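Trainee: I would like to go through this structure step by step, and I would be glad if you could explain each term as we meet it.
Mentor: Gladly; let us have it in front of us before we begin.

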Amino acid sequence: MSDCLFCKIIAGEIPSAKVFEDDDVFAFNDIHPKAPTHVLVIPRNHIATLADCDDSALLGILMDRVRIIADDVLNLAAGYRVVINVREGGGQEVFHLHAHILGGKKLPF
Ligand code: AMP
Ligand code: ZN
């Protein structure tokens, strides 16, 4: 989608600190980290929100890549949190589906 910030990051039109990519997802450091490690994992295809996605295969891939990135790239063996904000009421600011991976310290809930 042409006016989507995260589509522009995938296309390389806006710079990002990439941590992982494959045919299905792209992952990069959050520009305003809420924890010592804060990475965003996004599908390459533009989907606005989790509530707009009924593609169970894609959602499975997204969660699988979250696990692989947390374990193999970010070395978060001690644990981490996965957050998906959904629409305005859920605090979503960028309307391209993304999973936050937060870790690197004990996270209060
Ligand atoms: P959300 O509130 O779930 O939509 O999360 C959007 C996230 O995108 C926020 O944590 C922002 O800090 C992050 N963000 C916004 N612009 C950028 C950017 N250019 N590069 C990396 N992260 C960004
Ligand atoms: Zn997009």
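Trainee: Which pattern does the chain follow when it is read along the sequence?
Mentor: This is a predicted model, in which local features need pLDDT of at least 70 and side-chain atom pairs count only at pLDDT 80 or more, while totals for chains, interfaces and linings use all residues. Residues are numbered from 1 along each chain as its sequence is written, chains are lettered from A and ligands numbered from 1 in the order in which they are written, and side-chain values use heavy atoms, with hydrogens and water left out. Helices (H or I, at least four residues) and strands (E, at least two) are DSSP runs numbered from the N terminus, and the chain has 2 helices and 5 strands. Read along the sequence, they give the pattern α-β-β-β-α-β-β.

Trainee: What is the radius of gyration of the chain?
Mentor: The radius of gyration is taken over C-alpha atoms, and the globule rule to set beside it is 2.2 Å times the number of residues to the power 0.38. For 109 residues that rule gives 13 Å, and the value for the chain is close to this, so the chain is as compact as a globular protein of that length. The radius of gyration of the chain is 13 Å.

Trainee: What share of the 109 residues is buried?
Mentor: A residue is buried under 20% relative accessible area, exposed over 50% and partly exposed in between, with a 1.4 Å probe and protein chains only. By that definition, the buried residues of the chain make up 37%.

Trainee: Which residues are the protein donors of the zinc ion (ligand 2)?
Mentor: Donors are N, O and S atoms within 2.8 Å of the metal (3.2 Å for Na, K and Ca), and since water is not among the atoms, sites may look incomplete. The donor atoms here lie 2.1 to 2.3 Å from the zinc ion, two of them being SG atoms of cysteines and two ND1 atoms of histidines. The donor residues are Cys4, Cys7, His46 and His96.

Trainee: What geometry does the site of the zinc ion (ligand 2) have?
Mentor: Four donors count as tetrahedral if all angles lie between 85 and 135 degrees; four count as square planar and six as octahedral if opposite donors are over 155 degrees apart and all others between 65 and 115, and anything else is irregular. The angles among the 4 donor atoms of this zinc ion run from 107 to 117 degrees, and the site is therefore, by the definition, tetrahedral.

Trainee: How many residues apart in sequence are the parts that Cys4 and His96 tie together?
Mentor: Cys4 lies in the segment before helix H1 (5–11), whereas His96 lies in the loop between strand E4 (80–83) and strand E5 (99–103). Cys4 is buried at 6% relative accessibility, and His96 is buried as well, at 0%. Because of where they lie, the pair ties together parts whose separation in sequence is 92 residues.

Trainee: Which residues form the aromatic cluster?
Mentor: Rings of Phe, Tyr and Trp (its six-membered ring) pair if their centres lie within 6.5 Å, and planes under 30 degrees apart count as stacked, over 60 as edge-to-face and the rest as tilted. Phe6 and Phe28 make an edge-to-face pair, 5.4 Å centre to centre with 80 degrees between the planes; Phe6 lies in helix H1 and Phe28 in strand E2 (residues 25–29), so this pair ties together parts 22 residues apart in sequence. Phe26 and Phe28 make a tilted pair, 6.0 Å centre to centre with 45 degrees between the planes. The one cluster is formed by Phe6, Phe26 and Phe28.

Trainee: Is Phe26 buried or exposed?
Mentor: The relative accessibility of Phe26 is 6%, and its partner Phe28 has a relative accessible area of 3%. By the cut-offs given earlier, Phe26 counts as buried.

Trainee: Where is Asn75 found?
Mentor: Asn75 is a residue other than glycine with a positive phi, near 55 degrees. At 60% relative accessibility it counts as exposed. Its place is the loop between helix H2 (56–73) and E4.
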